[in-house]
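I am opening a fresh page for a structure that is new to me, and I will write down what I look up in the order in which I look at it.

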Amino acid sequence: MRIDLDYLKSRLKEQVPEHRYIHSIGVAESAKKLAIHFGADPLKAEIAGILHDYTKYWPKDQLAKVIKENPELSPDLLDYSPELWHGPVASIIIQTEFQIEDQEIIDAIHYHTSGREKMTLLDKVVCLADYIEPSRDYPGVNEIRALANESIEKSLVQALDGTIQFLMKKGWKIYPLTMIARNSLIDEMNDK
Ligand SMILES: [Fe+2]
Ligand SMILES: [Fe+2]
């Protein structure tokens, strides 16, 4: 894979505000560390980390258009919060913009917000890095960071629980794939 990380970073910088750029670099660094620790591919983790929020600031109608036009993206996304749309859309856009063909990278970006059933190790690494990169600051983040040293699945379940609880408190809908991801991680832990 011939990918120039500095080039990807410079292109990201054109797409997102400064704080999101810093967050993305943080995710890339954390994902790389987690990948080394748990045995995933560190370069793939870094690439997915840099690009995971690439389309986060696109207008809602532009994101919706990509979802409608790409049959590999689930149309049910449109029934849930637009906050969920940028991952799936970025997974399509990076293929044409940067000729990224690696399915593991594409999937890790696709599912970074929702999770999915039977997440790959790279999916887990990128999803968790998004929750614990150094600039993240929310109640419970240090506990999730500490758990990450012990078990990536445990840590991720705790992180998803926080998201689910937040959505419930707000009275907002929960994307079913997030519940499926959580259940699947719990099955995985129980099978070990
Ligand atoms: Fe995101
Ligand atoms: Fe993110």
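**Entry 1: the second largest pocket.** I began with the lining of the second largest pocket, where helix 2 gives the largest share, four residues. I keep in mind throughout that this is a predicted model. The space in this pocket comes to about 200 Å³, and I listed its lining as S30, K33, L34, H37, I132, E133, P134, R145, A148 and N149. Helix 2 (18-38) and helix 8 (141-150) are the elements that give two or more residues to this lining. Sorted by character, the lining of the second largest pocket has four nonpolar, three polar and three charged residues.

**Entry 2: helix 8.** Since helix 8 had come up, I looked up which of its residues are buried, and I found V141, I144, L147 and A148. Seen down the axis of helix 8, these buried residues fall within an arc of 120 degrees, and therefore they line one face of the helix. The face turned away from that buried side carries N142, N149 and E150, which are exposed. A148, buried in helix 8, and N149, exposed there, both appear in the lining of the second largest pocket.

**Entry 3: helix 1.** I then asked which residues of helix 1 are buried. In this helix, residues 5-15, I noted L5, L8, K9, R11 and L12 as buried. They lie on the same side of helix 1, because they cover an arc of only 165 degrees around the axis. On the other side of helix 1 I found D6 and E14 exposed.

**Entry 4: the largest pocket.** Next I turned to the largest pocket, which holds about 1,000 Å³ of space. Its lining is made by 32 residues, and the closest to the pocket centre are T113, Y131, T163, F166 and L167. Helix 7 and helix 9 (152-170) each supply at least two residues of this lining, and helix 9 gives the most, with ten residues. By character I wrote down twelve nonpolar, ten polar and ten charged residues for the lining of the largest pocket.

**Entry 5: the iron ions.** Which residues coordinate the iron ion (ligand 1)? I found D53 through OD, H86 through NE2 and H112 through NE2, at 2.1 Å. Along the sequence these donor residues are spaced D-x32-H-x25-H. D53 also bridges the iron ion (ligand 1) and the iron ion (ligand 2), and the two ions lie 3.5 Å apart. The pair D53 and H112 links distant parts of the chain, 59 residues apart: D53 sits in the loop between helix 3 (42-51) and helix 4 (60-69), whereas H112 sits in the loop between helix 6 (103-110) and helix 7 (121-132). I also checked how accessible these two donors are, and D53 is buried with a relative accessible area of 1%, while H112 is buried with a relative accessible area of 2%.

**Entry 6: K44.** My last look was at K44, which has its place in helix 3. Is K44 buried or exposed? K44 has a relative accessible area of 12%, so I entered this residue as buried, the cut-off for that word being under 20%. The side chain of K44 makes a polar contact with the side chain of D102, at 2.9 Å. For a sense of distance I compared K44 with G26: the two are 18 residues apart in sequence and 15 Å apart in space, C-alpha to C-alpha.

Definitions and conventions: Residues are numbered from 1 along each chain as its sequence is written. Chains are lettered from A and ligands numbered from 1 in the order in which they are written. This is a predicted model: local features need pLDDT of at least 70, side-chain atom pairs count only at pLDDT 80 or more; totals for chains, interfaces and linings use all residues. Side-chain values use heavy atoms; hydrogens and water are left out. Donors are N, O and S atoms within 2.8 Å of the metal (3.2 Å for Na, K and Ca); water is not among the atoms, so sites may look incomplete. Buried means under 20% relative accessible area, exposed over 50%, partly exposed in between (1.4 Å probe, protein chains only). On a 1 Å grid over the protein atoms alone, a cavity is a set of points where a 1.4 Å probe fits but cannot get out, and a pocket is an open set with protein on both sides within 12 Å along at least five of seven lines; lining residues have an atom within 4 Å of a point. Grid points are joined across faces, edges and corners, and a volume is the space filled by probe spheres set on the points. Ala, Val, Leu, Ile, Met, Phe, Trp, Tyr, Cys and Pro count as nonpolar, Asp, Glu, Lys and Arg as charged, and the others, Gly among them, as polar. A polar contact is a pair of N or O atoms within 3.5 Å; within protein, one must be able to donate a hydrogen and the other to accept it, and residues adjacent in sequence count only if both atoms are side-chain atoms. The arc is that of the directions from the helix axis to the C-beta atoms.
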